[in-house]
Amino acid sequence: MKLNWNELTKGIFKENPVFIIVLGLCPVLGVSTQVSNAIGMSAGVLFVLLFSNLLISALRNFIPASIHIPAYIVIIASLVTITEMVMHAFVPAVYSALGVYLPLIVVNCIILGRAEAFAARNTVIDSILDAIGMSIGFALGLTLIAVIRELLGNGTITLFAMGGFDGVIRVPWFYNNPMRVMSLAPGALLLMGYLKAFFDWKGARKKEA
Amino acid sequence: MTKNIRYALILLAICGVAVFFLALTNSITAPVIEEMDHQNRLKALEAVSGGFEIGEQEVVDGQPYVTYRIDLSEGGNAAGWILGLKSAGYGGEMTLVASYTPDGVMQYAQLLGHSETPGLGKKAEESWYMEKFKNTGGQQPVPTSKAMLSADDAQAISGSSVTFTAIARAIAGGSDYVKSLGGAQ
């Protein structure tokens, strides 16, 4: 069996869901106040996207076109609820940090978008590769935004507490001179605009070359 | 007609499988969550008790913010109350516990459950947040608006006014309730 590696790599750069396809921006802007939130959200999206793509691709000949949306929503909502229950029980800190954005994965455009545009028309293996690639691309985009926002907005990088480490890296100078606007919604939109412009410019340069 | 029945059966089958896996996950996670919530509540009560002895919990009915009360004592003498409070934040219901002196002055408070937005209302979980309300409710009123806070404190709650107001109203409601008890226990 030959693996189509392009399905995996396209989601990371060429069709990055955050900067190129511009999907799932609501949670990206909402949870990117801390790096730990970004990592937790990325893990949740990876689980849901992987299994929704897998199930929808496996059931694509069983689900009639006229009822595909309710069927997909039931599958996605169930996966999100399972993720929510597991996180609540076993990683309560991440569950608590993600708050309302965790159940909102149900309506994340990336999940339904990939189900509709890819999993419903491709093989299970390709759909799994697509889900992994898109999840990595989403995680990279979200983490990049979170690192910049938290660093500029709070002067910290928040990871997960372990042993004697409280999980927070305080970055000198930035910690004493925070740009509070970066922690707020306008800062998120501003940064997203600059990063989108940067990635568009990079894309345009590549095409010209 | 036959087509519609087939569609309904397909959806029913998908829902049935979904329900099975949800029930299975719930049976594994629910006891863990319940135990964790119980431990968190005990920790919160201990944290807000201020070292006093914690009495028995009594349900409070007919109050807009207070759901239960627990008496605090020291060597058999009444030392105050711990109240279970609820309020409506930006993300829905918020629950907190707060301790008061017998004359209604808020001593310690801690957020127990909420769905506030990460990075904004969720800041209320942090210990510094509740410091704004410490020793209020007596001669010093509970700050229920940004205008009643210092510039630094107002800046710190920026972006979470709904959460702040909800907590402030619950704490003020708790203070009023304790005062209505007349200081006697």
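These legends walk through close-up views of a predicted model with chains A and B.

Local features are described where pLDDT is at least 70 and side-chain atom pairs count only at pLDDT 80 or more, while totals for chains, interfaces and linings use all residues. Residues are numbered from 1 along each chain as its sequence is written, and chains are lettered from A, with ligands numbered from 1, in the order in which they are written.

**View 1. The sheet of chain B is open and has five strands.** Its order is β1-β2-β3-β4-β5, with antiparallel pairing. Helices (H or I, at least four residues) and strands (E, at least two) are DSSP runs numbered from the N terminus, and two strands pair if DSSP finds at least two bridges between them. β1 (53-59) and β5 of chain B are the edge strands, each with a single partner, so one side of each has no neighbour in the sheet. On average, neighbouring strands are turned by 25° against each other, direction ignored.

**View 2. Two hairpins of chain B meet in β4(B).** Look for β3 (residues 77-89) beside β4 (residues 92-100): these antiparallel strands of chain B share nine bridges. Two residues lie between them in the hairpin. Leu85(B) has Leu96(B) as its bridge partner, and Gly84(B) has Val97(B). On to the next hairpin: β4(B) and β5 (residues 106-113) of chain B pair in the antiparallel sense over six bridges. Here five residues separate the strands, and Gly104(B) in the turn has a positive phi of about 90°. Tyr100(B) is bridged to Met106(B).

**View 3. Two helices of chain B lie across strands of the sheet.** Helix α1 (residues 2-48) of chain B lies across β1, β3, β4 and β5 of chain B and runs at about 165° to β5(B). Axes are lines fitted to C-alpha atoms, for helices over the stretch in contact, with angles from 0 to 180 degrees between N-to-C directions. α4(B) lies across β2 (66-74), β3, β4 and β5 of chain B, at about 145° to β3(B). The 20 residues of α4 (residues 161-180) of chain B should span 28 Å at 1.5 Å a residue, and its end C-alpha atoms are indeed 28 Å apart; the expected span is 1.5 Å times one less than the number of residues. After α4(B) comes Gly182(B), with a positive phi near 80°.

**View 4. Helices α3 and α6 of chain A pack together.** α3 (residues 35-58) and α6 (residues 109-117) of chain A have axes 10 Å apart, at an angle of about 20°. That makes α3(A) roughly parallel to α6(A), a term for angles under 35 degrees. The contact (C-beta atoms, placed from the backbone, within 7 Å) includes Val45(A), Leu49(A) and Ile56(A) of α3(A) and Ile110(A) and Arg114(A) of α6(A). By class, the contact residues are seven nonpolar, two polar and one charged. Ala, Val, Leu, Ile, Met, Phe, Trp, Tyr, Cys and Pro count as nonpolar, Asp, Glu, Lys and Arg as charged, and the others, Gly among them, as polar.

**View 5. Chain A touches chain B.** In this view, 28 residues of chain A are in contact with 22 residues of chain B. On the chain A side, α2 (25-31), α4 (68-90) and α5 (92-98) each give two or more residues. The largest share, eleven residues, comes from α4(A). This side of chain A has 18 nonpolar, ten polar and no charged residues.

How values were computed: Parallel < 35°, antiparallel > 145°, perpendicular 65-115°, else oblique.
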